[in-house]
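Welcome, and please open your viewer. At each stop on this tour you will select something, and then we will look at what is there.

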Amino acid sequence: MIMDPKTQMLQALDTTKDSQITFLQTFVRTPSPNPPGQTTAAAGILTSFLINKNIPFDIIEPQAGQPNIVSEFQGGLGPGPRVVLNGHIDVFPVAADSQDNWDRDPWSGDIVDDRIHGRGVVDMKSGTASLVIAYAHLYQNRQHLKGSVSLCAVSDEETGGQWGTKYLIQQDVQKWGGDVMLSTEPVGCNSIRFSEKGTLRMTCTLHTRGAHGAYLNLSKGAIRTATEFIAEVIEAMEGIQVDVPQELVDQVAKPEVRDLIDEIMGAGTSDIILKPTVNVGTIKGGVKVNMIPDTCIFELDIRMPVGLLKEQVLDLIQGEIVPRYVPDATIEIDVHQAASNPYSYSSPNHPMVGLLAENTQSLTAHHPLENGGAVRPLAIPSMGATDCKHYRYAGVPAFVYGCSPATSKYFLQPCKFG
């Protein structure tokens, strides 16, 4: 019996599973912490794989020691959409003083109880290895495909993507942006992510009159005044108008979606995922316990849901709240521009969402995950940020489907390598 190309490719993936796992272990065992961001050795593991498969690629390296591996091919069945596969090579660093908290070498790549161990297995060397493997099989079957595929394995994601995805899209959005982007960041095999909250981070410096600690009749002091200001900001964010797209409201209103959001990201997340939040990350002030402080410095991390822009937030804080503290106090606000990004959004009703869900359901029906049974992932928003934002800012729909963010046997399951 002659098998269709898709079945043949899936069978080929199954028969090469052991070599795929070895490939991932080797990738994990090659450190690529960012900072400092030197990823040449780890990138070499990927390029060696592509060379062994006779797949052409290029290196784009705007920052020394941070190579981006890119490759592309046209399908043999004529024009069609371009799908971009994007994964990052860099991982979080391992702090020198945390080594004793690890059960084994952070770069071991050891397999214990069907789990691969090591820094960056989840975020996201497992996902990036999966994309490279998938790309290789697609390339080998390109005569059966319509449209085109590009691969972007980038070296700078953990620190914002300036020298990775953002750079590639700025250079050639048609080639490295395409018509739709797929990422394998760790989100869990039950979910497909289509949006991310925005971030607005700022340092606030409040000055007011200081005095001896006994003379509260002269001044409340900077710290007490700062706490009042923070409370006002939090209250204002709870009441600010957010223009959430109706299709997003409808998606999150579904009971099964709300339940999955809370299951994956923690109880109560579904209640705040479409709302702004304010976190007081740091606060410091005063020099002595019996003195009323004249200065308080604090940092705010405001997360903005889809439909809320930083201009709205800053207009409210700087235009309405800050003036209420004059003349008794002055409040200077310094926005962390590099760490502040708008929300990003792709439609949960995009055809790619349905294709991902259907293929996952079909695949897991024949290769059950450790909890058994077929899985049909649901489209849910994300709280954190990924390189998807750079694609969405450029008008390219971007979606995430990847392994569990927990230490899970999913690492070795077909949903990763199928």
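Begin by selecting Thr-225, which lies in helix H7 (residues 222–239); helices here are DSSP runs of H or I with at least four residues, strands are DSSP runs of E with at least two, and both are numbered from the N terminus. Thr-225 is buried, with a relative accessible area of 6%. Buried means under 20% relative accessible area, exposed means over 50%, and partly exposed is in between, using a 1.4 Å probe and protein chains only. Now show what surrounds Thr-225: leaving out residues up to four places away in sequence, it touches Leu-206, Lys-220, Tyr-325 and Ala-329, where contact means heavy atoms within 4.5 Å.

Before moving on, a word about what you are looking at. This is a predicted model, in which local features need pLDDT of at least 70 and side-chain atom pairs count only at pLDDT 80 or more, while totals for chains, interfaces and linings use all residues. Residues are numbered from 1 along each chain as its sequence is written, and side-chain values use heavy atoms, with hydrogens and water left out.

**The whole chain**

Colour the chain by pLDDT, the predictor's confidence in each residue, from 0 to 100. The protein chain has a mean pLDDT of 92, and 95% of its residues reach 70 or more. Then select residues 408–418, where pLDDT stays under 50 and the model has 48 contacts beyond four places in sequence. Where pLDDT is low, the predicted coordinates should not be read in detail.

Next, colour by domain. The chain is divided into domain 1 (5–185 + 386–402) and domain 2 (198–240 + 276–339), with bounds that come from an automatic or database domain assignment. The C-alpha centres of domain 1 and domain 2 lie 41 Å apart.

Now select residues 195–326. An unreviewed UniProt entry annotates them as "domain: Peptidase M20 dimerisation"; UniProt positions are given in the numbering used here, feature names are shortened, and annotations may be inferred rather than shown by experiment. This span is 40% helix and 27% strand, and its end C-alpha atoms lie 39 Å apart.

**Rings that meet**

How many aromatic pairs does a search of the whole structure find? There are six, counting rings of Phe, Tyr and Trp (its six-membered ring) whose centres lie within 6.5 Å, with planes under 30 degrees apart called stacked, over 60 edge-to-face and the rest tilted.

Select Phe-23 and Phe-49 for one of them. This pair is stacked, because the ring centres are 4.5 Å apart and the planes are at 25°. Phe-23 belongs to helix H2 (residues 17–28) and Phe-49 to helix H3 (residues 40–52), so the pair ties together parts 26 residues apart in sequence. Phe-23 is buried at 8% relative accessibility, and Phe-49 is buried at 15%.

Go on to Phe-73 and Tyr-135, a tilted pair with 5.4 Å centre to centre and 50° between the planes. Phe-73 is in strand S2 (residues 68–74) and Tyr-135 in helix H4 (residues 121–140), so this pair links distant parts of the chain, 62 residues apart. Relative accessible area is 6% for Phe-73, which is buried, and 0% for Tyr-135, also buried. Add Tyr-139 to the selection: ring pairs link Phe-73, Tyr-135 and Tyr-139 into a cluster.

Stay with Phe-73 and show Ser-148. The two are 75 residues apart in sequence, yet 5.7 Å apart in space, C-alpha to C-alpha. Beyond neighbours within four places in sequence, the contacts of Phe-73 include Arg-82, Leu-138, Leu-145 and Val-149.

Arg-142 is another contact of Phe-73, and its charged end sits over the ring of Tyr-139, 3.9 Å from the centre. For such an arrangement, NZ of Lys or CZ of Arg must be within 6 Å of the ring centre and within 35 degrees of the ring normal. Lys-125 offers a further example, with its charged end over the ring of Phe-27, 4.9 Å from the centre.

**Backbone stops**

Most residues other than glycine have a negative phi, and most peptide bonds are trans. Select Asn-34 and Pro-35, which are joined by a cis peptide bond with omega about 0°. The bond from Pro-35 to Pro-36 is cis too, with omega near 10°. Pro-35 is in the loop between H2 and H3, as is Pro-36.Finish with Asn-54, in the loop between H3 and strand S1 (58–60). Its phi is positive, near 60°, and Asn-54 is exposed, with a relative accessible area of 63%.
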